[in-house]
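Trainee: Could you walk me through the helix here, and what it packs against? I'd like a close look at that one part, with the surroundings filled in as needed.

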Amino acid sequence: MESTFFTHKDCPWYPCHEGPEEINCLFCYCPLYTLPDCPGNPEWIKRKDDPSGPPVKSCAKCTFPHRRENYGKLMEIIRERIL
């Protein structure tokens with residue numbers, strides 16, 4: 001049986017994002033983080049410790065990997081671009 005959705009409500013950081021009522025915890029750490037053009041809505045922010053350096057990707061407001069309906073798209077991107 002393939003599991004495509006898991007919510008860990010006992011996690012001390014749950015919910016990790018505001019927005020969806022249900023959060024898919026299978027991708028607690030987003031596998032698309034290294035992609036500069038991921039389908040989520042990341043922000044590029046300046047580092048506080050190095051404001052003149054390159055911006056870093058912040059996924060704090062992104063819920064793309066945590067939404068039930070995005071599991072198939074996420075797996076497709078992983079297969080095509082990461083593996």
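Mentor: One cut-off before we start: two residues are in contact here when they have heavy atoms within 4.5 Å of each other. Also bear in mind that this is a predicted model.

With that rule, start at Ile82, which sits in helix α1. Setting aside residues up to four places away in sequence, Ile82 touches Pro31, Leu32, Leu35 and Ile77. Its relative accessible area is 37%, so Ile82 is classed as partly exposed. For a sense of distance, take Pro20: 62 residues separate Ile82 from Pro20 in sequence, and their C-alpha atoms are 26 Å apart.

Now the helix as a whole. The protein has 1 helix and 2 strands, and along the sequence they come in the pattern β-β-α. Helix α1 covers residues 71-82, and at 1.5 Å a residue its 12 residues should span 16 Å; the C-alpha atoms at its ends are 15 Å apart, so the two figures agree.

Which way do its side chains face? Tyr71, Leu74, Met75, Ile77 and Ile78 are the buried ones in α1. These residues take up an arc of only 160 degrees around the axis, which means they lie on the same side of α1. Arg79 and Glu80 are exposed, on the other side of the helix.

That buried side is part of something bigger. Tyr71, Leu74, Met75, Ile77 and Ile78 belong to the largest nonpolar core, which has 12 residues and also takes in Phe27, Cys30, Leu32, Leu35, Cys38, Cys62 and Phe64. In soluble globular proteins, nonpolar side chains tend to be buried together. Leu32 and Leu35 are core members, and both are also among the contacts of Ile82.

Phe27 is a good residue to follow from here. Leaving out residues up to four places away, Phe27 touches Tyr71, Leu74, Met75 and Ile78, along with Pro65 and His66.

His66 takes us just off the helix, into the loop between β2 (56-58) and α1. Its relative accessibility is 3%, so His66 counts as buried. The side chains of His66 and His17 are joined by a polar contact of 3.4 Å. Beyond its neighbours within four places in sequence, His66 is in contact with Phe5, Cys16, His17, Glu22, Ile23, Asn24, Phe27 and Cys28.

With those cysteines around, you may wonder how many disulfides there are. The count is 0. For Cys28, the closest cysteine sulfur belongs to Cys11 and is 6.1 Å away, so a bond is ruled out by distance. Cys59 is in no disulfide either, with the nearest cysteine sulfur, in Cys62, 5.8 Å away. As for accessibility, Cys28 is exposed at 64%, whereas Cys59 is partly exposed at 23%.

Zooming out, the C-alpha trace spans about 50 × 35 × 15 Å along its principal axes. Of the 83 residues in the protein, 30% count as buried. Among contacts between residues at least 6 apart in sequence, 48% join residues at least 24 apart. One of the long-range links you've already met is Ile82 with Leu32, and Phe27 with Ile78 is a contact too.

How values were computed. Residues numbered from 1 in each chain as written. Predicted model: local features only at pLDDT ≥ 70, side-chain atom pairs only at ≥ 80, totals over all residues. Heavy atoms only, no water. Helix = DSSP H or I, 4+ residues; strand = E, 2+ residues; numbered from the N terminus. Expected span 1.5 Å × (residues − 1). Buried < 20%, exposed > 50% of the residue type's maximum accessible area, 1.4 Å probe, protein only. Arc of directions from axis to C-beta. Core = buried A, V, L, I, M, F, W, Y, C linked by side-chain atoms within 4.5 Å. Polar contact = N/O pair within 3.5 Å; in protein donor to acceptor, adjacent residues only side chain to side chain. Disulfide = S-S within 2.5 Å.
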